[in-house]
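Here are some questions and answers for a reader who is meeting this structure for the first time. Each answer works through its reasoning before it reaches the name or value asked for.

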Amino acid sequence: MLQGHRFVPAALRIRDRILNELDGRVADYGVSLPWVALMAATAGAGNHVEIGSLFGAAAIAVALLKKEAGLPGNVVCIDPYEPRVVAYKPDLDETLKEGNAEALLANAKKFGLDNIVHIKARSHPWPVELKDWKFISGYIDGDHTGETPWLDFQNLAAAGCFNIGFDNYEEGFPDVMSAVRKVAALKDWALYFKDTTFCAFRKPLPSRATGFSILRL
């Protein structure tokens, strides 16, 4: 793990850049972007996977911070880009309601990134294209209903993720809240940090008796 506290200013700066430069909509005005990036960067070198991508803001935030930290790895985006039934603000431009793969990859190119990969599939069952991939971190921001958030966590854990984050841990998404409570009850996962509607979990750290320093986080 990296010394995560050192990367908070960079994560916030990257969030602001994305808000100013991304073509398309940044969900929730980018409130979770720095924390997704920090959660992924502190997992270390390796691949990151996200479920739900829209116009690519979160994927780009992760890729930019990993690049700045000198951490190799791809950022894989799982999104079928199927029409969704969600509540939008009445004045939202129709072109900003739904992202698409072309917009995602165009934004990646705009930000000078060549390590963002899109998989056009649903997250469950786990895409066959990723059966041989291993990931060190994952982000859940796809279908927020039913058992899907919980199934997404299980799939990310099975894919090797050391850090896993949920977006929209809030009353408007009770199924996300239910999944988070299930994870919190697991003995082999621990709450990492929470900010606003973002909630991250991690695998347990080594005992302090081993010489592990909390300052590495």
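**Core, sheet and a loop**

Q: Which residues does isoleucine 60 touch, not counting residues up to four places away in sequence?
A: The model is a predicted one, and contact here means heavy atoms within 4.5 Å. With residues up to four places away in sequence not counted, isoleucine 60 touches Ile18, Leu22, Asn107, Ala108, Phe111, Leu113 and Ile116.

Q: Which helix gives the most to the largest nonpolar core?
A: The largest nonpolar core has 42 residues, and Ile60 is among those with the most contacts inside it, as are Ile18, Leu22 and Ile116. Several elements each supply at least two residues of this core, including helix H1 (8-21), helix H4 (101-110) and strand E2 (75-78). The element that gives the most to this core, with nine residues, is H3.

Q: How many residues does the second, separate core have?
A: Apart from the largest core there is a second, separate one, which includes Ile51, Ala121, Ile140 and Phe201. The number of residues in this second core is 24.

Q: Which strands stand at the edges of the sheet?
A: Seven strands form an open sheet with mixed pairing, in the order E3-E2-E1-E4-E5-E7-E6. An edge strand has a single partner strand, so one side of it is left without a neighbour in the sheet. The strands placed in this way are E3 (116-119) and E6.

Q: Which residue in E4 stands opposite valine 49?
A: In the order of the sheet, E1 is followed by E4, and these two strands run parallel, joined by four bridges. Opposite valine 49, the residue in E4 is glycine 138.

Q: With which side chain does the side chain of aspartate 141 make a polar contact of 3.3 Å?
A: Aspartate 141 has its place in the loop between strand E4 (137-140) and helix H5 (148-158). When its neighbours within four places in sequence are left aside, aspartate 141 is in contact with Ile51, Gly52, Asp167 and Asn168. The polar contact of 3.3 Å between side chains joins aspartate 141 to histidine 144.

Q: Against which elements do the buried residues of H5 pack?
A: The buried residues of H5 include Trp150, Phe153 and Leu156, along with Asp152 and Asn155. Just after this helix, glycine 160 takes a positive phi of about 100°. The elements that the buried residues of H5 pack against are strand E1 (48-51), E4, strand E5 (163-166) and helix H6 (174-184).

Technical notes: Residues are numbered from 1 along each chain as its sequence is written. This is a predicted model: local features need pLDDT of at least 70, side-chain atom pairs count only at pLDDT 80 or more; totals for chains, interfaces and linings use all residues. Side-chain values use heavy atoms; hydrogens and water are left out. A nonpolar core is a set of buried Ala, Val, Leu, Ile, Met, Phe, Trp, Tyr and Cys residues joined through side-chain atoms within 4.5 Å. Buried means under 20% relative accessible area, exposed over 50%, partly exposed in between (1.4 Å probe, protein chains only). A polar contact is a pair of N or O atoms within 3.5 Å; within protein, one must be able to donate a hydrogen and the other to accept it, and residues adjacent in sequence count only if both atoms are side-chain atoms. Two strands pair if DSSP finds at least two bridges between them.
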